[in-house]
Amino acid sequence: MPQKELRIGLVGYGFMGRTHSNGYKRANDFFDLAYRPVLKAVCGRNADKTKAFAEQWGYESTESDWKKLIARDDIDAVDICTPNDTHAEIAIAAAEAGKMILCEKPLARTTAESKPMVDAVEKAGVPNTVYYNYRRLPAVTLAKQIVDSGKLGKIFHYRANFLQDWTISEDLPQGGEGLWRLDAAAAGSGVTGDLLAHCIDTAMWLNGGISDVSAMTETFIKQREHVATGKKQEVTIDDACLFHCHFANGSLGLFESTRYARGHKALYTFEINGADASIRWDLHDLNRLEYFDHRDEGIVRGWRNIHVSDGDQPYMGNWWVPGLCVGYEHSFVHQIADFLKSLETGEACHPTFRDAYETAKVCDAVLASAKDRAWKDTGVEWAEK
Ligand code: SOE
């Protein structure tokens, strides 16, 4: 197929810069697409590190000022993978310059910061997407197909966890390149915006809007040295957050996230219980989806362990041969392939900025509920299918 170039300008070169760059490089090798990403420029404040990243990943040029990157005529799409406090300014400027935008999650630190971003992309009419990548792991996409098929029957429960253990040491500072996630000024929140946002995005995609929430948060380590000042400063992110909620479809939700679950590195799990069947998934075993169907004949009834690696299962027809699987990085390859396909079809590549704004509403309601020790309505309007 003759291919049109989609010239990418990447802002930020950390962990997420690598996942996105890998996606741009791989998508066309495995998916038949009319558009082909060209790694035009990477932008970062540290010139040496930006240059090294450009050489490693094959970017044609570098910039040290994102405003210059956005002003370039040879950039079609801006990819934002900088800390959360910079997303809004970059995205709004990029939209006003008519660039397409692919933004790392969460959309921004708060709903107040997110809304002008939604307005900007919608006013400019530019294609946009937010990297809530887990939706595009084949087993999670299969979960969506199963839920949409109605196989589970009426849904009663949605349960999700995202557990990590990397911030238990009191010696870990906050702020700076690697640890801005511990600094509320840069991150907005702790596990709520960083981890629960993933769970909320998947949950609303699978089970519809979350109407109201009741939450508790805890900050276990109250003070940490700040990298910028070298001084001990108050920690205001949530280290752990638990909430329960009602979904608009009448089902109950239970969510937990922490960075203090010793032994768990990135244990994202969810389970859905319906009247007829249940499903559950675990990021540490990401190619498997477990399924229980009460309608099975009694003598064989039990949890089925589906190894999602067959050609007729989501995305897998584009990879190897049945039985051979994919990994974490493929969720980004799939999101980029779907974004490129959306440019052909003219359809939105979900989650869009508007979808991610709805997730931000739930995050804000969770934090407000924990602060006030009270139930909060989310105001979510979940239209995505
Ligand atoms: C935090 O440790 C983190 O890297 C998140 O920022 C990512 O979004 C999540 O997918 C894995 O954990």
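Two strands pair if DSSP finds at least two bridges between them. Strands (E, at least two residues) and helices (H or I, at least four) are DSSP runs, numbered from the N terminus. The model is predicted: local features need pLDDT of at least 70, side-chain atom pairs count only at pLDDT 80 or more, and totals for chains, interfaces and linings use all residues. Residues are numbered from 1 along each chain as its sequence is written.

**Exercise 1. Trace the sheet from β14 to β12.**

Task: Which strands pair with β13 and β7, and in what sense?

Solution.
- Step 1. Start at β14 (residues 277-282). It runs antiparallel to β13, and five bridges join the two. E271 stands opposite R280 in β14.
- Step 2. Move on to β7 (residues 155-163). It pairs with β13 (residues 267-274) in the antiparallel sense, over eight bridges. Here R159 has E271 in β13 as its bridge partner.
- Step 3. Go to β12 (residues 252-258). Its pairing with β7 is parallel and has seven bridges. A160 finds its bridge partner, F255, in β12.
- Step 4. Place these strands in the whole. The order is β16-β15-β14-β13-β7-β12-β11-β8-β17, an open sheet of nine strands with mixed pairing.
- Step 5. Find the edges. β16 and β17 (376-377) each have a single partner strand, so one side of each lacks a neighbour in the sheet.

**Exercise 2. Describe the whole protein.**

Task: How many helices and strands are there, and why does the protein count as compact as a globular protein of its length?

Solution.
- Step 1. Count the elements. The protein has 11 helices and 17 strands.
- Step 2. Compare radii. The radius of gyration, taken over C-alpha atoms, is set against the globule rule, 2.2 Å times the number of residues to the power 0.38. The protein has 21 Å, close to the 21 Å that the rule gives for 385 residues, so it is as compact as a globular protein of that length.
- Step 3. Box the C-alpha atoms. Along the principal axes they fill roughly 65 × 55 × 40 Å.
- Step 4. Check burial. A residue is buried if 20 or more other C-beta atoms, placed from the backbone, lie within 10 Å of its own; it is exposed if 12 or fewer do, and partly exposed in between. Of the 385 residues, 49% count as buried.

**Exercise 3. Is D312 buried or exposed?**

Solution.
- Step 1. Locate D312. It sits in the loop between β16 (304-307) and α10 (329-345).
- Step 2. Count neighbours. D312 has 7 C-beta neighbours inside 10 Å, so it counts as exposed.
- Step 3. Compare with N249. D312 and N249 are 63 residues apart in sequence and 30 Å apart in space, C-alpha to C-alpha.

**Exercise 4. Inspect the domain contact.**

Task: Which element supplies the largest share of the side of domain 1 that touches domain 2?

Solution.
- Step 1. Set the bounds. An automatic or database domain assignment gives domain 1 (4-133) and domain 2 (135-377).
- Step 2. Count the contact residues. Residues are in contact if their C-beta atoms, placed from the backbone, lie within 7 Å. Domain 1 gives 35 residues and domain 2 gives 37.
- Step 3. List the contributors. On the domain 1 side, α1 (15-30), α5 (111-124) and β6 (128-131) each supply at least two residues.
- Step 4. Pick the largest share. It comes from α1, with eight residues.

Definitions and conventions: Contact = placed C-beta atoms within 7 Å.
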